[in-house]
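User: Got a minute? I'd like to walk through this model with you.
Analyst: Sure, show it.
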Protein chains: 2
Amino acid sequence: MTIGEEIKQKKFSSEYEKALINLIFTSNWLSCMQQRFFKPFGITPQQYNVMRILKGQFPGPASVGMVQERMLDRSSNITRLVDKLIEKKLVTRCENPNNRRMQELRITDSGMAFLENISNSAPLHQYFETLTEAEASLFNEMLDRLRG
Amino acid sequence: MTIGEEIKQKKFSSEYEKALINLIFTSNWLSCMQQRFFKPFGITPQQYNVMRILKGQFPGPASVGMVQERMLDRSSNITRLVDKLIEKKLVTRCENPNNRRMQELRITDSGMAFLENISNSAPLHQYFETLTEAEASLFNEMLDRLRG
DNA sequence: TTACTTTATTTGTATCTACAAATATTGTTT
DNA sequence: AAACAATATTTGTAGATACAAATAAAGTAA
C-alpha cells in the first residue's frame with residue numbers, strides 16, 4: 001500500500017513533501033511493530049536499547065551519560081529506564097568509587113540470557129529484506145544525508 | 001555524520017540491521033525537529049496533522065473516525081487533540097444531525113489563517129532536498145515496500 | 001579554605017500515549 | 001417492541017515523555 005493510499009491523500013506538493021510524510025508514517029508504523037515485538041518479553045523498545053548498550057560493555061560497566069549518548073531516542077530518561085530494569089534484575093547500578101557523581105551500570109548474567117532469548121525470535125530488521133543489500137546501503141546513505 | 005558515528009557503534013550485523021537502527025534514530029531526530037518547528041506556533045505535530053486533515057475538507061466537516069484513519073500517528077486520541085484545538089478556536093465540533101453518534105469537526109476561518117501563517121515558514125521537507133527528486137522517489141518506494 | 005563553576009545524575013511535573021472500558025446511538029432479530 | 005449486536009466516540013488510567021529544576025560531587029581560582 002502506498003503512503004497516499006494509507007492516509008487517503010491523493011496529492012502531494014512534491015516528492016520531498018511525500019517523503020517527509022512517508023517517513024513520519026512509516027516510523028509510527030515501525031514503532032508499533034517494535035512495541036508488539038517486545039511486549040511478550042515484558043520490556044519496552046527503550047529498555048531493550050539500554051540493555052543492548054550495556055551488553056556492548058559486558059562484563060564492564062557503563063555510566064548513565066555513556067548510555068544516554070548511545071541511545072536511539074536521546075530524550076529517554078535513563079534513570080527511570082534503569083529503575084525498571086533493576087526491578088527485573090536484568091541490570092545492576094552502583095556508585096563509581098573513583099567519581100561518586102557517576103553510576104556504574106552493568107547488565108547481569110540473567111540480562112545476557114534474556115537478550116539471547118530475544119535474539120532467537122525473528123528480528124525486526126527482517127522487514128528490510130524486501131530491499132536488496134545495495135538498496136539498504138543507499139537507504140542508509142540517504143538517511144545519514146538527511147540529518148545533515 | 002553516519003549512524004555508526006551518531007550512536008558510537010562500529011559494527012552492524014548487516015546493512016539491514018543498520019537500516020533498521022538508522023530509521024529509528026532518524027525518526028527520533030525528525031520528531032525532535034518537528035516539535036521544535038511547531039513549538040513557536042503553540043501546537044504539537046499531531047494537532048497540526050488534525051488541522052491539515054480538516055483543511056482538506058474545508059468548509060465541510062469530517063468525523064472523528066475519518067480524521068483517525070488519515071492520521072500519520074494512528075494511536076493519537078482525536079477527542080483530546082480536538083479539545084485542545086477547540087480551546088484555541090482553531091476548530092469547531094458539533095453533533096451530526098443525521099447520526100447523533102458522530103461529531104462534525106470543522107476547521108475555523110482563524111484555523112485556516114493559522115495554517116497559512118505556518119506554511120510561510122520554511123517547511124520541514126526542506127531537509128529532503130539533499131536528495132535528488134529521483135532519489136526521493138526511490139526513498140518513497142522503499143518505505144512503501146518496507147511496510148509490506 | 002571559601003566561593004564559584006562544571007559535570008553527572010536524579011527528581012518534579014505537566015502533558016501525552018496506549019489501551020481497555022464505558023457511554024450513547026443506531027441497526028438487526030425475534 | 002424487547003433484546004442484542006454493531007458503530008462512533010469519549011473517558012479512565014497506568015505508564016512514558018519533555019523539559020526544567022534540584023541535588024550532589026568534583027574541579028578551579030582567589
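User: Where is Pro59(B) placed?
Analyst: Keep in mind that this is a predicted model. Pro59(B) sits in the loop between α3 and α4 of chain B.

User: What is the peptide bond from Phe58(B) to Pro59(B), cis or trans?
Analyst: The bond is cis, with omega near 0°.

User: And the peptide bond from Phe58(A) to Pro59(A), cis or trans?
Analyst: That bond is cis too, with omega near 0°. Pro59(A) is in the loop between α3 (45-57) and α4 of chain A.

User: What about the phi of Lys8(A), positive or negative?
Analyst: Positive, about 55°, although Lys8(A) is not a glycine. Lys8(A) lies in the loop between α1 (3-6) and α2 of chain A.

User: Is Lys8(A) buried or exposed?
Analyst: Exposed, because Lys8(A) has just 11 other C-beta atoms within 10 Å, and 12 or fewer counts as exposed.

User: What is phi of Lys8(B) near?
Analyst: Near 55°, a positive value in a residue other than glycine. Lys8(B) is in the loop between α1 (3-6) and α2 (15-38) of chain B. Lys8(B) counts as exposed, with 11 C-beta neighbours inside 10 Å.

User: New topic. How many helices and strands are there in chain A?
Analyst: Chain A has seven helices and two strands. From the N terminus on, the order is α-α-α-α-α-β-β-α-α.

User: Is chain A spread out or compact?
Analyst: Chain A is more spread out than a compact globule, because its radius of gyration is 19 Å, well over the 15 Å that the globule rule gives for 148 residues. The C-alpha trace of chain A spans about 60 × 35 × 30 Å along its principal axes.

User: How much of chain A is made up of buried residues?
Analyst: Buried residues are 30% of the 148 in chain A. As for contacts in chain A between residues at least 6 apart in sequence, 42% join residues at least 24 apart.

User: On to the contact between chains. How many residues does it take from chain A and chain B?
Analyst: 45 residues come from chain A and 44 residues from chain B. On the chain A side, α2 (15-38), α4 (64-70) and α7 (133-146) each supply at least two residues.

User: Which element gives the most to the side of chain A that touches chain B?
Analyst: α2(A), with 16 residues. By class, that side of chain A has 22 nonpolar, nine polar and 14 charged residues.

User: Now the DNA. Which residues come nearest to DNA strand C?
Analyst: Ser63(A), Val64(A), Gly65(A), Thr79(A) and Ser75(B), out of 19 residues around strand C. α4 and α5 (78-87) of chain A each supply at least two residues of the surface near strand C. α5(A) gives the most, with three residues. The class split is three nonpolar, 12 polar and four charged.

User: And which come nearest to DNA strand D?
Analyst: Ser75(A), Ser63(B), Val64(B), Gly65(B) and Thr79(B), of the 19 residues around strand D. The elements giving two or more residues to that surface are α4 (64-70) and α5 of chain B. The surface near strand D has three nonpolar, 12 polar and four charged residues.

User: Let's do some helix packing. At what angle do the axes of α3 and α5 of chain B cross?
Analyst: Roughly 85°, and the axes come within 10 Å. That makes α3(B) roughly perpendicular to α5(B).

User: Which residues in α3(B) and α5(B) meet?
Analyst: Gln46(B), Gln47(B), Val50(B) and Met51(B) in α3(B) meet Ile78(B), Leu81(B), Val82(B), Lys84(B) and Leu85(B) in α5(B). By class that contact has six nonpolar, two polar and one charged.

User: Is Ile53(B) buried or exposed?
Analyst: Ile53(B), found in helix α3 of chain B, is buried because 23 other C-beta atoms lie within 10 Å, against a cut-off of 20 or more. Not counting residues up to four places away in sequence, Ile53(B) touches Ala62(B), Val67(B) and Arg70(B).

User: Last one. Which strand does Glu104(A) lie in?
Analyst: Strand β2 (residues 103-107) of chain A. Glu104(A) is partly exposed, with 18 other C-beta atoms within 10 Å. Leaving out residues up to four places away in sequence, Glu104(A) touches Pro61(A), Cys94(A) and Asn96(A). Its C-alpha atom is 5.5 Å from that of Arg93(A), 11 residues apart along the chain.

Notes:
Residues numbered from 1 in each chain as written. Chains lettered and ligands numbered in written order. Predicted model: local features only at pLDDT ≥ 70, side-chain atom pairs only at ≥ 80, totals over all residues. Contact = placed C-beta atoms within 7 Å. Helix = DSSP H or I, 4+ residues; strand = E, 2+ residues; numbered from the N terminus. Nonpolar A, V, L, I, M, F, W, Y, C, P; charged D, E, K, R; others polar. Near = placed C-beta within 6 Å. Axes fitted to C-alpha atoms, helices over the stretch in contact; angles between N-to-C directions. Parallel < 35°, antiparallel > 145°, perpendicular 65-115°, else oblique. Rg over C-alpha atoms; globule rule 2.2 N^0.38 Å.
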